[in-house]
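Here is a short walk through one protein chain. Keep the model open beside the text and find each residue as it is named.

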Amino acid sequence: KIARGWHGPVDAPPAMTQQHPGRDSPPVWWTDMAAADGAAPLRVAEWENGPEWRRENGWTGSDFVHAQTAPVHIPGYLLDSPGGGPRLVGAAHFGPAAESHRGLCHGGTMCALMDDVIGWCGFCASGTCEPWSGFTVQIDTSLRAPVAVGAWLRVEATIVRREGRKVWVEASLSDPLACSDGRPRVHCEAKGLFLIKKEDTCQ
């Protein structure tokens, strides 16, 4: 059974809950955002339609970040433009398979999230999502604080500048529930350069 909703397949393998406890219970801050009026979730076929559809359409494995069994998992993104430029916001769950030091996740998992959100934000440079319309060519990531195994964090990226095919994106990973001086704790920040394919722009 495959759910056609934007969160992807609801029937994960039986072992998934054991391998990634808490993954089937996203935080309230995220479910409230996804249910809010005006929320615009990305609808991406390769996330939603299951492994059989992926095989039939050229994929050979599961998504590195969006598969429910991935060590670090983003169930989906919301698209908006609060400051004029497109912005993506998502929730990321860090499972036990992401562990490095005792109880803490590998720094590479944060880098993987920055790569993913910057790339998908670049796909939204036109204001609507156009998957695989370009590619990320550079990412500069700063790791600010470790991430505990089992954490749900907010991942966000915004397009801050565009010149022709070049799109500059800024991204962050933060904990909305762990605030300091009224601001969410930032675990990671990144700046990236995304390049739109020549055939997808007239500039």
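Which two side chains meet in a salt bridge at 2.8 Å, N to O? They are arginine 154 and glutamate 156. Keep in mind that this is a predicted model. Side chains of opposite charge can pair when their charged atoms come close.

Stay with glutamate 156. This residue also forms a salt bridge with arginine 87, where the closest N and O atoms are 3.6 Å apart. Glutamate 156 lies in strand β5 (residues 152-163) and arginine 87 in strand β3 (residues 87-94), so the pair ties together parts that are 69 residues apart in sequence. Now check how covered these residues are. Buried means under 20% relative accessible area. Glutamate 156 has 19%, so it is buried. Arginine 87 has 17%, so it is buried. Arginine 154 has 18%, so it counts as buried too. These three belong to a network of salt bridges that links Asp80, Arg87, Arg154 and Glu156.

The count for the model comes to six salt bridges. Another one of them joins arginine 144 and glutamate 189, with the closest N and O atoms 3.0 Å apart. This pair links distant parts of the chain: arginine 144 sits in the loop between β4 and β5, glutamate 189 in strand β7 (residues 183-196), 45 residues apart. Arginine 144 is exposed, with a relative accessible area of 52%. Glutamate 189 is partly exposed, at 33%.

Now turn to a charged residue without such a partner. Arginine 54 is in helix α4 (residues 50-56). Arginine 54 is buried yet has no salt bridge. Why does aspartate 63, the nearest side chain of opposite charge, not make one? Aspartate 63 is 4.4 Å away, and a salt bridge needs the nitrogen within 4 Å of the carboxyl oxygen, so the pair does not count. Leaving aside neighbours within four places in sequence, arginine 54 is in contact with Glu46, Trp59, Gly61, Ser62 and Asp63.

Next, look at the rings. A pair of aromatic rings is described by the distance of the centres and the angle of the planes. The count comes to eight aromatic pairs. Tryptophan 47 and tryptophan 120 form one of them, edge-to-face, at 4.8 Å centre to centre and 65 degrees between the planes. The two rings come from distant parts of the chain: tryptophan 47 is in helix α3 (residues 45-48), tryptophan 120 in helix α5 (residues 107-123), 73 residues apart. Tryptophan 47 and tryptophan 120 are both buried. Compare tryptophan 53 and tryptophan 59. Their centres are 5.6 Å apart and their planes at 35 degrees, so this pair is tilted. Tryptophan 53 is partly exposed at 24% relative accessibility, and tryptophan 59 is partly exposed at 27%.

Trp47 and Trp120 also belong to one aromatic cluster with Tyr77, Phe123, Trp132 and Phe194. Tryptophan 132 deserves a second look. Most residues other than glycine have a negative phi. The phi of tryptophan 132 is positive, near 65 degrees. Tryptophan 132 sits in the loop between α5 and β4 (134-143) and is partly exposed, with a relative accessible area of 45%.

Finally, step back to the whole chain. The chain has five helices and seven strands. From the N terminus on, the elements run α-α-α-α-β-β-β-α-β-β-β-β. Buried residues make up 43% of the 203 residues.

Terms used
Residues numbered from 1 in each chain as written. Predicted model: local features only at pLDDT ≥ 70, side-chain atom pairs only at ≥ 80, totals over all residues. Heavy atoms only, no water. Phe/Tyr/Trp six-rings, centres within 6.5 Å; stacked < 30°, edge-to-face > 60°. Helix = DSSP H or I, 4+ residues; strand = E, 2+ residues; numbered from the N terminus. Buried < 20%, exposed > 50% of the residue type's maximum accessible area, 1.4 Å probe, protein only. Lys, Arg positive; Asp, Glu negative; His and termini not counted. Contact = heavy atoms within 4.5 Å.
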